2 protein chains.
Amino acid sequence: MRILLVEDDSALRDTLSQALRLAGYGVDPVSDGRAADNALAANIYDLVVLDLGLPYLDGMTVLRRLRDRKNRTPVLVLTARDGINERVQGLKTGADDYLTKPFALPELEARIEALLRRAAGGQVRLTHGPLEFDLDGHVVSINGEPAHFSVREMMVLEVLMQRAGQVVIKTRLAQKISNWDDEIGVNTIEVYIHRLRKKLEPWGIRIRTIHGLGYLLEPYAKI
Amino acid sequence: MRILLVEDDSALRDTLSQALRLAGYGVDPVSDGRAADNALAANIYDLVVLDLGLPYLDGMTVLRRLRDRKNRTPVLVLTARDGINERVQGLKTGADDYLTKPFALPELEARIEALLRRAAGGQVRLTHGPLEFDLDGHVVSINGEPAHFSVREMMVLEVLMQRAGQVVIKTRLAQKISNWDDEIGVNTIEVYIHRLRKKLEPWGIRIRTIHGLGYLLEPYAKI
DNA sequence: AACAAGATGAGAATTCTCCTGGTTGAGGAT
DNA sequence: ATCCTCAACCAGGAGAATTCTCATCTTGTT
């Protein structure tokens, strides 16, 4: 799997490319829009991670030029926290997903995986009784009815579902969900668990507390 | 199991190496990045505990150099909570786990165990007749039914099961359970043994007392 | 028998969880 | 711009569960 990484901040570029290599991808890091455009014209990539604020040639332009060449390579856009409009514009222009900085590295990896899966035609669903979680589309549904869950709620739920029947330690949950520059308190996790319970218990899906350790998604049993 | 401990604060280094030795690991403590780099080039370790703020050679660099040598030894990174962005960006890079200071010693030990298990491949299940203990998932079940055990009860049970049929000295149990600083009385162990017996004897699982020494999980025999 | 070691039940001390409510900040609507 | 809504996060206190000690009783050893 070959990824083109377009990011002008050199520290971040190094960090990301090393992380992605460790995750098993082949990474070509470039630092400006012109280099990205050239690389995309000359090579075939499985995915592009594209920062928007770039020297020489704007990220948005790179994306537009790519799509103009009828190239459907998945593109994951990185935007600054306050680049609200950019995001909307990016999705319109043909980005497949976006992530606002700062983001948690695991989340980037998760989204990359999801995009690659989608591109490969695969669809990944976690199910637990009447509960379904479409990781690609970030959609949760119960009994086929789409249900509303916030981003954080989904993150917690995803971890719990992936380890259903096993204890997930609270600090581990906190780490999975935190951004990379500050960790959230464990109390926050408790609040999300509380909210998830409110939404899930009416459907017979229970999250058990393991005192002193964490939480566990109980195996589903019909009532 | 051989652990390289890289920590420049001498007090913490001593504390940790002592604790890890008590937990049964072979520990090589070093105090700076250069020493760590040399040690890693010359020896094979099962795990590295790596502080990031180091003299002579930065912890992040040690890690990168290690990975550049295609060395996959698990690395657990320790970071200061206030050592904000600079390192925190890179710390998730190539580290297998990380822990922010200050941390509780039991948590460090738990994560070390988890990393070693993961490196050894696969999940660990202890079984003893109808009793099953999934260490990673922290789930104990009897005859397939999940059973409720408190954290401390699990700790004692784990040691007993790992050395089933052999005598476990009481102080070893006490030390497995004790926290950072304060030791607990021997009677406390007796209480937990008592509780375990109450839960296990109905299923024909017996813990024998070896007077003056400790306890022993009897080989399981059907009734 | 006399002493030491262990078992046991009860409860105090400690730790953990749950939940309410409030602050902040982003994004959308007016 | 300004207001509004909603998500994210944290603080704090009531209540719950666990941990651990103590006092007492039982068992084992010499």
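## Helices at DNA strand D

Helices H6 (151-162) and H8 (186-200) of chain A each supply at least two residues of the surface near DNA strand D, and so do helices H6 (151-162) and H8 (186-200) of chain B. The model is predicted. In total, 23 residues surround DNA strand D. The closest are Ser150(A), Asn187(A), Thr188(A), Ser150(B) and Thr188(B). Sugar and phosphate make up 67% of the strand D atoms that come within 4 Å of the protein.

By class, this surface holds 12 polar, 7 nonpolar and 4 charged residues.

## Polar contacts to strand D

Two side chains reach phosphate oxygens of strand D. Arg152(A) places a polar side-chain atom 2.9 Å from one. For Thr188(B), the distance from a polar side-chain atom to a phosphate oxygen is 2.7 Å. Thr188(B) is also listed among the closest residues to the strand.

Tyr192(B) has another kind of partner. A polar atom of the Tyr192(B) side chain lies 3.3 Å from a sugar or linking oxygen of DNA strand D.

## The surface near DNA strand C

DNA strand C is surrounded by 22 residues. Lys170(A), Thr209(A), His194(B), Arg197(B) and Thr209(B) are the closest. Of the strand C atoms within 4 Å of the protein, 87% belong to sugar and phosphate.

Several elements take part. In chain A, helix H4 (84-93), H8 and strand E11 (207-210) each give at least two residues to this surface, as does H8 of chain B. H8(B) gives the most, with 5 residues. The residues divide into 10 polar, 8 charged and 4 nonpolar.

## Polar contacts to strand C

Phosphate oxygens of strand C have partners in both chains. In chain A, a polar side-chain atom of His194(A) sits 2.7 Å from a phosphate oxygen. In chain B, an N or O atom in the side chain of Tyr215(B) is 2.6 Å from a phosphate oxygen.

Gly212(B) uses its backbone. One of the backbone N or O atoms of Gly212(B) lies 3.1 Å from a phosphate oxygen of DNA strand C.

## H6 against H8 in chain B

H6(B) and H8(B) both supply residues near strand D, and these two helices also pack on each other. Their axes come within 10 Å and cross at roughly 80°. H6(B) and H8(B) are therefore roughly perpendicular to each other.

The H6(B) side of the contact consists of Arg152(B), Glu153(B), Val156(B), Leu157(B) and Leu160(B). These meet Tyr192(B), Ile193(B), Arg195(B), Leu196(B), Lys199(B) and Leu200(B) in H8(B). The contact has 7 nonpolar and 4 charged residues, and no polar ones. Tyr192(B) thus appears twice: in this helix contact and in a polar contact with DNA strand D.

## H6 against H7 in chain A

In chain A, H6(A) meets helix H7 (residues 170-177). The two axes come within 10 Å, with a crossing angle of roughly 130°. H6(A) and H7(A) are therefore oblique to each other. The crossing is right-handed.

Arg152(A), Met155(A), Val156(A) and Val159(A) contribute from H6(A). Their partners in H7(A) are Leu173(A), Lys176(A) and Ile177(A). This contact has 5 nonpolar, 2 charged and no polar residues. Arg152(A), part of the contact with H7(A), also has the side-chain atom 2.9 Å from a strand D phosphate oxygen.

## H2 against H3 in chain A

Another helix pair lies earlier in chain A. Helix H2 (residues 33-42) and helix H3 (residues 59-68) have axes that come within 9 Å and cross at roughly 15°. H2(A) and H3(A) are therefore roughly parallel to each other. Their crossing is right-handed.

H2(A) brings Gly33(A), Ala36(A), Asp37(A) and Leu40(A) to the contact. H3(A) brings Val62(A), Arg65(A) and Leu66(A). The classes are 4 nonpolar, 1 polar and 2 charged.

How values were computed: Residues numbered from 1 in each chain as written. Chains lettered and ligands numbered in written order. Predicted model: local features only at pLDDT ≥ 70, side-chain atom pairs only at ≥ 80, totals over all residues. Heavy atoms only, no water. Near = heavy atom within 4 Å. Polar contact = N/O pair within 3.5 Å; in protein donor to acceptor, adjacent residues only side chain to side chain. Helix = DSSP H or I, 4+ residues; strand = E, 2+ residues; numbered from the N terminus. Nonpolar A, V, L, I, M, F, W, Y, C, P; charged D, E, K, R; others polar. Axes fitted to C-alpha atoms, helices over the stretch in contact; angles between N-to-C directions. Parallel < 35°, antiparallel > 145°, perpendicular 65-115°, else oblique. Contact = heavy atoms within 4.5 Å. Left-handed = near helix turned anticlockwise from the far one by under 90°.
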